[in-house]
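Here are some notes from going through the model, in no strict order of priority. Have the coordinates open while you read.

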Amino acid sequence: MTDHDDEYHHNHDDDHSHLSETELRVRALESILVEKGYVDPQTLEAILQTYEEKIGPRNGARVVARAWSDPEFMEWLLRDSTAAIASMGYTGRQGEHIVALLNTPEVHNVVVCTLCSCYPWPILGLPPAWYKSAAYRSRVVIEPRNVLAEFGLTLPEETKVRVWDSTAEMRYIVIPMRPVGTEGWSPEQLEELVIRDSMIGVRRARPPGKPSNTTTDRSASNAR
């Protein structure tokens with residue numbers, strides 16, 4: 001599918017391209033603490049990376065694994081995502097309104113925030129740097145297939161690509177297709193196959209037998 005204009009969802013009246021006053025103050029405070037030597041930038045980066053790649057995405061992985069293994073939960077998740085996710089204890093700022101998007105052989109969903117970096121923190125942690133980059137935010141809308149290919153994901157021509165634009169009012173999680181060969185697996189086993197990037201839609205879930213130490217694979221540099 002090359003013409004994706006009808007599949008691009010965005011509320012253009014929602015202006016959230018600037019940081020909030022609180023976020024600006026946090027950044028200013030961080031800069032001062034680093035300059036005065038009170039905070040080690042490497043330690044701070046390690047903490048941020050932990051939340052970006054491990055703690056946050058693990059929550060989303062649990063949601064996906066439960067949906068894969070529990071048809072009733074999957075139906076609830078697709079019908080009322082916010083409530084279903086909240087039932088697992090994942091709520092809070094940046095997660096007030098979430099919509100789950102189900103990937104199928106016919107439709108592949110991918111998420112972006114074209115104006116800034118709206119992202120479902122309670123289930124995906126902090127947004128990766130490439131998600132916030134101007135290149136990704138513009139290119140995935142214009143040429144989604146090329147961007148996905150740079151992440152290593154080449155889709156069949158018959159698969160429709162839908163690009164969803166997150167806003168301050170609505171954020172998304174992609175439910176990737178369940179890998180083949182996982183029949184009878186427990187939710188805990190399935191959880192290990194769910195990587196962060198698959199819940200944004202730029203990659204598939206990890207196939208059985210592929211090892212990894214995190215829920216995040218290395219992202220394509222050209223999409224940043």
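1. Confidence first. pLDDT is the predictor's own confidence in each residue, on a scale from 0 to 100. This is a predicted model, and the chain averages a pLDDT of 84, with 77% of its residues at 70 or more. Two stretches fall below 50. One is residues 1–6, which still make eleven contacts in the model beyond near neighbours in sequence. The other is residues 10–18, with 18 such contacts. Where pLDDT is low, predicted coordinates should not be read in detail, so I'd leave those contacts alone.

2. The overall picture. The protein chain carries ten helices and five strands. Of its 224 residues, 44% count as buried. Among contacts with a sequence separation of 6 or more, 69% are between residues 24 or more positions apart. If you want a surface figure, the accessible area is about 11,700 Å², and carbon and sulfur atoms own 52% of that.

3. The core. What sits at the centre of the contact network in the largest nonpolar core? That core has 47 residues, and Leu-77 and Tyr-136 have the most contacts inside it. Helix α2 (residues 41–69) is the top contributor, giving six residues. Setting aside neighbours within four places in sequence, Leu-77 is in contact with Val-63, Ala-67, Ala-84, Ile-85, Ala-100 and Ile-175.

4. Asn-109, a polar residue worth a look. Asn-109 sits in strand β3 (residues 107–112). Is this side chain's residue buried or exposed? With a relative accessible area of 3%, Asn-109 is buried, because the cut-off for that label is under 20%. Its polar partners are easy to find: the Asn-109 side chain reaches the backbone oxygen of Leu-102 at 3.1 Å, and a polar contact of 2.8 Å joins it to the side chain of Trp-164. Beyond four places in sequence, Asn-109 also touches other residues, including Leu-101, Asn-103, Arg-162, Val-174, Ile-200 and Gly-201.

5. A backbone angle to check. Which residue other than glycine has a positive phi near 75°? That's Gln-94, found in the loop between α4 (81–86) and β2 (98–102). Gln-94 has 10% relative accessibility, so it counts as buried despite being in a loop.

Note on methods. Residues are numbered from 1 along each chain as its sequence is written. This is a predicted model: local features need pLDDT of at least 70, side-chain atom pairs count only at pLDDT 80 or more; totals for chains, interfaces and linings use all residues. Side-chain values use heavy atoms; hydrogens and water are left out. Helices (H or I, at least four residues) and strands (E, at least two) are DSSP runs, numbered from the N terminus. Buried means under 20% relative accessible area, exposed over 50%, partly exposed in between (1.4 Å probe, protein chains only). Contact means heavy atoms within 4.5 Å. Accessible areas come from the Shrake-Rupley method with a 1.4 Å probe; for residues, only the protein chains shown count as cover. A polar contact is a pair of N or O atoms within 3.5 Å; within protein, one must be able to donate a hydrogen and the other to accept it, and residues adjacent in sequence count only if both atoms are side-chain atoms. A nonpolar core is a set of buried Ala, Val, Leu, Ile, Met, Phe, Trp, Tyr and Cys residues joined through side-chain atoms within 4.5 Å.
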